[in-house]
Amino acid sequence: MPFMSTPWHPLLEGPLAAQASQAVGEIAESLASPEPSEGGRSASLAGGLTGQALFYTYLSLHTSEPSAAERAADLLDKAAEELANQPMAPSLYAGFPGIAWTMEHLRGRLFEEDGEEEEEDPIQEIDEALLAPLGRSPWVGEYDLIGGLAGLGVYALERLPRPAAAALLERIVDRLAELAETMDDGTAWFTPVERLPEWQRAIHTRGVYNLGVAHGLPGVLPVLAGACAAGVAVERARPLLDSSVRWLLARRYGPEVGSCFGTTYAPWEEAAPSRLAWCYGDPGIAAALLATARAVGEPDWERQAIETALACVERDESTSLIRDTGLCHGAAGLAHLFNRMFQETGEERLGQAARFWFEQTLQMRAPGEGVAGFRAWEVNPGGEPGWRADSGLLEGAAGIGLALLGAISDVEPAWDRMFLVSLPPVAQIPTAKED
């Protein structure tokens with residue numbers, strides 16, 4: 001049976017909860033400042049106004065303050081205006097599907113559920129805009145979460161049970177199946193060297209299999225599981241899911257390496273440990289695999305996900321490679337992953353790890369710098385590393401605020417569906433009606 005989520009409970013108590021609440025308030029004040037920060041005035045979900053709207057919505061759900069809801073609506077209106085007037089990419093994190101996903105996600109949270117008919121649905125035209133390119137074979141774009149098919153799968157899952165969403169999801173499964181490579185030990189997606197970012201080409205000179213949730217196979221698994229749970233393209237999605245999970249688990253390292261999985265895999269490259277992060281690393285893989293297992297009722301996958309998460313708990317802090325606090329690869333992101341898995345499993349060691357990393361998040365603040373004291377560490381390929389102010393969701397203050405809210409609130413942080421560490425409730429797909 002697919003897993004049914006348990007009620008969400010505040011993780012933090014006492015002085016630490018008070019510190020987190022104060023930080024959330026200061027983030028809200030700072031984001032309302034007219035002073036721009038990195039990416040802060042773009043429309044995107046990952047780095048711009050849409051991600052901030054998500055933060056203010058969950059703040060309003062936690063505090064019941066009308067001003068937070070009004071701020072969220074205003075930001076989303078501005079993002080929608082930019083969407084109407086500026087061309088944007090067809091990607092979840094940086095493009096127009098991310099704005100549409102947020103509008104859908106906020107139904108019943110920021111906007112009232114009013115029983116609109118499908119023809120009155122303001123997002124329907126986004127479905128239609130995506131159906132045509134997804135119907136073309138072969139797919140010439142990426143397969144990943146950040147900019148490719150898996151990210152469009154997140155959008156389609158949020159839109160279910162609408163027939164257009166089911167059609168989108170079915171085409172996404174088809175395109176993933178066409179791009180997949182089946183080997184003796186399972187199925188995976190290969191990235192040839194010419195499709196790698198320039199800075200990675202010198203590292204992976206012959207291409208690579210990506211093992212990060214953000215850009216690799218682990219980010220595909222929950223999409224396939226969500227399709228199976230919803231009854232969409234099951235005859236293609238389920239064999240692909242089983243085979244790709246088998247391939248991933250076959251990549252698990254022995255204890256001598258220092259992590260359960262690497263960031264990438266190529267048979268001609270040496271094994272190397274990964275950091276503790278969502279984008280690349282064991283915590284992201286564990287959380288995505290747990291969501292996958294719960295969606296399709298696979299207890300062995302769930303066991304291996306929890307074992308991976310607990311192995312992360314046992315790692316020394318010095319091996320984490322965490323330098324800043326953002327969701328993508330920082331302390332707040334790691335804390336939230338542990339919190340999500342603790343809430344799902346009740347495993348107290350995960351709860352303790354979440355509390356520790358939330359405490360680290362708050363201790364890493366630099367008063368007077370960044371956004372409410374939170375800074376993002378940036379390493380530009382070929383450039384000098386340094387700190388920057390970032391108001392966005394993926395690496396900046398809006399995302400940190402969302403993670404902190406998830407630690408002090410009884411409102412489930414369902415926004416983390418965009419990270420594929422949770423999935424929407426199973427939606428029944430309606431059957432076609434005869435005219």
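**Exercise 1. Which residues does Val 173 touch, not counting residues up to four places away in sequence?** Then work out whether Val 173 is buried or exposed.

*Solution.* Before we start, keep in mind that this is a predicted model.

Step 1: Find Val 173 in the structure. You'll spot it in helix α7, which covers residues 163–179.

Step 2: Look for its contacts, skipping anything up to four places away in sequence. That leaves Leu 224, Ala 227, Ala 233, Arg 236 and Ala 237.

Step 3: Check the accessibility. The cut-off for buried is under 20% relative accessible area. Val 173 sits at 0%, so it counts as buried.

Step 4: Try a distance too. Val 173 and Ala 230 lie 57 residues apart along the sequence, and their C-alpha atoms are 13 Å apart in space.

**Exercise 2. In what order do the three strands of the open sheet lie, and which are the edge strands?**

*Solution.* A quick reminder first: strands of a sheet pair through backbone hydrogen bonds, either parallel or antiparallel.

Step 1: Read off the order. The sheet runs β3-β4-β5, and its pairing is antiparallel.

Step 2: Pick out the edges. β3 (190–191) and β5 (264–265) each pair on one side only, which makes them the edge strands.

Step 3: Zoom in on β3 and β4. Strand β4 takes in residues 208–210, and two bridges join it to β3.

Step 4: Name a bridge pair. Thr 191 has Val 208 in β4 as its bridge partner.

**Exercise 3. How many cavities of 30 Å³ or more does a search of the whole structure find?** Describe what lines each one.

*Solution.* Step 1: Count them. The search turns up two.

Step 2: Take the largest cavity, with a volume of about 60 Å³. Its lining is made up of Trp 278, Leu 327, Gly 333, His 336, Leu 337, Trp 415, Phe 419 and Val 421.

Step 3: Sort that lining by class. You should get six nonpolar residues, two polar ones and no charged ones. If Gly puzzles you here, note that Gly counts as polar in this scheme.

Step 4: Move on to the second largest cavity, at about 40 Å³. Around it you'll find Tyr 58, Leu 402, Leu 405, Gly 406, Ser 409, Val 411, Pro 413 and Trp 415.

Step 5: Ask which helix gives the most to this lining. That's α15 (residues 397–408), with three residues.

Step 6: Sort this lining as well. The second largest cavity has six nonpolar, two polar and no charged residues around it.

Step 7: Compare the two lists. Trp 415 appears in the lining of the largest cavity and also in that of the second largest.

Methods. Residues numbered from 1 in each chain as written. Predicted model: local features only at pLDDT ≥ 70, side-chain atom pairs only at ≥ 80, totals over all residues. Heavy atoms only, no water. Pairing = 2+ DSSP bridges. Helix = DSSP H or I, 4+ residues; strand = E, 2+ residues; numbered from the N terminus. 1 Å grid on protein atoms, 1.4 Å probe; cavity = no way out; pocket = protein on both sides within 12 Å on 5 of 7 lines; lining within 4 Å. Points joined across faces, edges and corners; volume = space filled by probe spheres on them. Buried < 20%, exposed > 50% of the residue type's maximum accessible area, 1.4 Å probe, protein only. Contact = heavy atoms within 4.5 Å.
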